[in-house]
Amino acid sequence: MDGTFLNDYHSFDTKIFETILELCQKKNVQFTVASGSQYMRLVKQFEKYQTRINYICQNGASVYIGNRLLYSEELTHDELKSLDNILSDQTVATHLKQKLYLGQEGAYFLSHNGEALVEANKYFPLLHSIRQINDIDELYNDNVLGMAVIGNGLTTNKPLSQIIQNMIPDNFSCLGSGFDFYLIQHKTVDKAVGVKNLQEYFNVTPDDTIVFGNNYNDLKMLESTSQSFVMSNSPDDMKSRFNVLDCSNNQNGVQKKILSYLENI
């Protein structure tokens, strides 16, 4: 999504996209959005087309076919409390602007940094202030799928993702999704797992799947097929491993590539 399909103004060319969806329907091709964002943000972004596309949300923690939930992986209350305690440790906390608890429906916070929440609201549109973690279930009847943290840019020797990864349990992963956002979820959660769930549901092979990405949280998904492309704004080590699109996200690079593919099958 951000930095890949969307331009730097968080929008896309709707005219090209409508042509893409028409060709997808005609040629029995599935279009899927994969993002670290929650379902509610993705639906808002594609409101006009909600039931015509699929969604891999929160790096694969939940998968939707239109407005129907296909798959999700939740954290237990004990897992969430454990992660929260680790991220409250000064070793990590001094590098953070904001902690968020990411539910199926909304995102929740205890203490807050106003500047960080303004940025977070771009990706998590339903933000709720809570007094205690139990409120997520008791007041909002929501299930937590992971946590997000926003860095303050003050790390020096190690990337923030590595600092967090070294402290959290082995069955969790911390993946950067750009803009100093980091998602912490079960290690089994990944966009590639979301892709696999949809491939099995629609009986599509990896060879018949095209993937686009721009950051490290896209790696496994990009590795899942030989038809994978990264953006010119991707890190250099990613550009050395995958096909690089000629056009940037500000030039509708992904849409142009998809349109070219659909017109030639």
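This report looks at helix α8 and the largest pocket in a predicted model.

## Helix α8: length and ends

Let's start with the geometry. Helix α8 covers residues 191-202, and at 1.5 Å a residue its twelve residues should span 16 Å. The C-alpha atoms at its ends sit 17 Å apart, which agrees with that expectation.

Both ends have something to look at. At the start of α8, Asp-190 brings a side-chain oxygen to within 2.8 Å of the backbone nitrogen of Ala-192. After the helix comes Asn-203, which has a positive phi, near 55 degrees.

## What α8 packs against

Which residues of α8 are buried? They are Lys-191, Ala-192, Gly-194, Val-195, Asn-197, Leu-198 and Gln-199. Ala-192, then, is a buried residue of α8 as well as the one whose backbone nitrogen Asp-190 reaches.

The cover over these buried residues includes four strands, β1 (32-34), β2 (54-57), β3 (62-65) and β4 (68-72), along with helix α9 (219-223).

## The largest pocket

Now for the empty space: the largest pocket holds about 1100 Å³. Its lining takes in 45 residues, and those nearest the centre are Phe-31, Thr-32, Val-33, Ile-210 and Val-211. By type, the lining splits into 26 nonpolar, 15 polar and four charged residues.

Which element gives the most to this lining? That's α8, with five residues. At least two residues each come from β1, β10 (181-186), α8, β11 (211-213) and α11 (253-263). So β1 turns up twice in this story: it helps cover the buried residues of α8, and it supplies part of the pocket lining.

Definitions and conventions: Residues numbered from 1 in each chain as written. Predicted model: local features only at pLDDT ≥ 70, side-chain atom pairs only at ≥ 80, totals over all residues. Heavy atoms only, no water. Expected span 1.5 Å × (residues − 1). Buried < 20%, exposed > 50% of the residue type's maximum accessible area, 1.4 Å probe, protein only. Contact = heavy atoms within 4.5 Å. Polar contact = N/O pair within 3.5 Å; in protein donor to acceptor, adjacent residues only side chain to side chain. 1 Å grid on protein atoms, 1.4 Å probe; cavity = no way out; pocket = protein on both sides within 12 Å on 5 of 7 lines; lining within 4 Å. Points joined across faces, edges and corners; volume = space filled by probe spheres on them. Nonpolar A, V, L, I, M, F, W, Y, C, P; charged D, E, K, R; others polar.
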